[in-house]
Amino acid sequence: MTTVPRRSRLLPVPAVALWSDQTVRIPHLRIGPDGVYHEGPENRDEEGQLWPQVRGPQTGAPEYAEMNPLKQCQAMERLLCQVGMGPATRTEHGVLWVLPRPTGSPEDPDYDWDEGVTTTEPPACLFHARVSAHQCPRLRTRGHVAVFVRDTELVAVEGTYYPPPPTGARPIKTVLPIDAPDTRLIVADRLVRRLRAVTPVDITDRSPARGALPCNRRTREKDR
């Protein structure tokens, strides 16, 4: 479990973070000719992709290194801010993303924006971008790159693949193109977007965010 810094308690917890009192559960599955399914209510997205269940209340300690798969799906599908789950900031330059700074290692090469960068990190709003950079362990330890993205496409799904019978093979973690037929045999963990055509922005400069409102402000006021 990720230790929660004292200062983090003063900041909003990202909506996509999993809490220590929550568990991600995959019910007993059946594998049929049309894919994986289980009895009872299922979590399926707009494309019919099966997702796990998240059990338990949002209590305990936020585990910033772990994402709630259902919240990640919602944020990536609808381009919602990963902190407030309201609309991510969108300008004439595109949608705002805050990503880990590349290290240049073979496992994490420098970003090639011409080819496109893939990510499972949902976007952000300007108001919450600093929170995202501070709370996310990868962003906090490695630094961040903030960009507006004009071309963002859902390209893949990460999850657990269940080979159809009679192979007898064990389930494996994998990533498949989102339009691949075998995604019907995956219980998803993450959606993946490819980001192209970017404009860098410095979120440490207060001027771009001056006057920005929380993306979920209307929701909070409506709930009062």
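Visitor: Where should I start reading, and which residues does Val-36 touch, leaving out those up to four places away in sequence?
Guide: Start with contacts, and keep in mind that this is a predicted model. Not counting residues up to four places away in sequence, Val-36 touches Arg-30, Ile-31, Arg-44, Leu-50, Tyr-162, Arg-184, Leu-185, Ile-186 and Val-187.

Visitor: What does Gly-35 contact, beyond its neighbours within four places in sequence?
Guide: Gly-35 is found in strand S4, residues 35–37. Apart from those neighbours, Gly-35 is in contact with Arg-30, Arg-184 and Leu-185. Gly-35 and Tyr-162 are 127 residues apart in sequence, while their C-alpha atoms are 8.9 Å apart in space.

Visitor: Is Gly-35 buried or exposed?
Guide: A residue counts as buried if its relative accessible area is under 20%. Gly-35 has a relative accessible area of 2%, so Gly-35 is buried. Thr-183 can be read in the same way: its relative accessibility is 10%, and therefore Thr-183 counts as buried. Thr-183 lies in the loop between S13 and S14. With residues up to four places away in sequence left out, Thr-183 touches Gln-49, Val-157, Leu-176, Pro-177 and Ile-178.

Visitor: How many of the residues in the protein chain are buried, as a percentage?
Guide: The protein chain has 224 residues, and 46% of them are buried. Its contacts can also be sorted by distance in sequence. Of those between residues at least 6 apart in sequence, 75% join residues at least 24 apart.

Visitor: How many helices and strands are there in the protein chain?
Guide: There are five helices and 14 strands. To see how strands fit together, look for bridges between them. S12 (residues 144–161) and S14 (residues 186–200) are antiparallel and are joined by 13 bridges. At one place in this pairing, Tyr-161 stands opposite Ile-186.

Visitor: Which strands besides S14 are joined to S12?
Guide: S10, residues 94–100, runs antiparallel to S12 and is joined to it by six bridges. One pair to look for is Leu-96 with its bridge partner Phe-148 in S12. S13, residues 172–177, is also antiparallel to S12, again with six bridges. There, Val-157 has Leu-176 of S13 as its bridge partner. S12 is mostly covered, with 13 of its 18 residues buried.

Visitor: How many bridges pair S11 with S14?
Guide: Three bridges pair S11 (residues 117–119) with S14, in the antiparallel sense. Thr-119 stands opposite Arg-193 of S14.

Visitor: How should I read a helix, and which residues of H1 are buried?
Guide: Check its two ends as well as its covered residues. H1 covers residues 69–78, and its buried residues are Pro-69, Gln-72, Cys-73, Ala-75 and Met-76. At the start of H1, a side-chain oxygen of Asn-68 comes to within 2.9 Å of the backbone nitrogen of Leu-70. After H1 comes Leu-79, with a positive phi near 55°.

Visitor: Why is H2 described as largely enclosed by the rest of the structure?
Guide: H2 spans residues 126–135, and it is called largely enclosed because seven of its 10 residues are buried. They are Leu-126, His-128, Ala-129, Val-131, Ser-132, Ala-133 and Gln-135.

Visitor: What is a nonpolar core, and which residues have the most contacts inside the largest one?
Guide: In soluble globular proteins, nonpolar side chains tend to be buried together. Here the largest nonpolar core has 24 residues, and Val-36, Trp-97, Ile-186, Val-187 and Leu-191 have the most contacts inside it. S6 (50–51), H1, S10, S12 and S14 are the elements that give two or more residues to this core. A second, separate core has 17 residues, including Val-83, Ala-129, Val-131 and Ile-203.

Visitor: How is empty space found, and what is the volume of the largest pocket?
Guide: Rolling a probe the size of a water molecule over the atoms shows where empty space is left. The largest pocket has a volume of about 660 Å³. It is lined by 32 residues, of which Thr-118, Thr-119, Thr-120, Glu-121 and Arg-138 are the closest to its centre.

Visitor: Which elements each supply at least two residues of that lining?
Guide: They are S8 (62–67), S10, S11, H2, H3 (137–142), S12 and S14. S8 provides the largest share of the lining, four residues.

Conventions: Residues are numbered from 1 along each chain as its sequence is written. This is a predicted model: local features need pLDDT of at least 70, side-chain atom pairs count only at pLDDT 80 or more; totals for chains, interfaces and linings use all residues. Side-chain values use heavy atoms; hydrogens and water are left out. Buried means under 20% relative accessible area, exposed over 50%, partly exposed in between (1.4 Å probe, protein chains only). A polar contact is a pair of N or O atoms within 3.5 Å; within protein, one must be able to donate a hydrogen and the other to accept it, and residues adjacent in sequence count only if both atoms are side-chain atoms. Two strands pair if DSSP finds at least two bridges between them. A nonpolar core is a set of buried Ala, Val, Leu, Ile, Met, Phe, Trp, Tyr and Cys residues joined through side-chain atoms within 4.5 Å. Contact means heavy atoms within 4.5 Å. On a 1 Å grid over the protein atoms alone, a cavity is a set of points where a 1.4 Å probe fits but cannot get out, and a pocket is an open set with protein on both sides within 12 Å along at least five of seven lines; lining residues have an atom within 4 Å of a point. Grid points are joined across faces, edges and corners, and a volume is the space filled by probe spheres set on the points.
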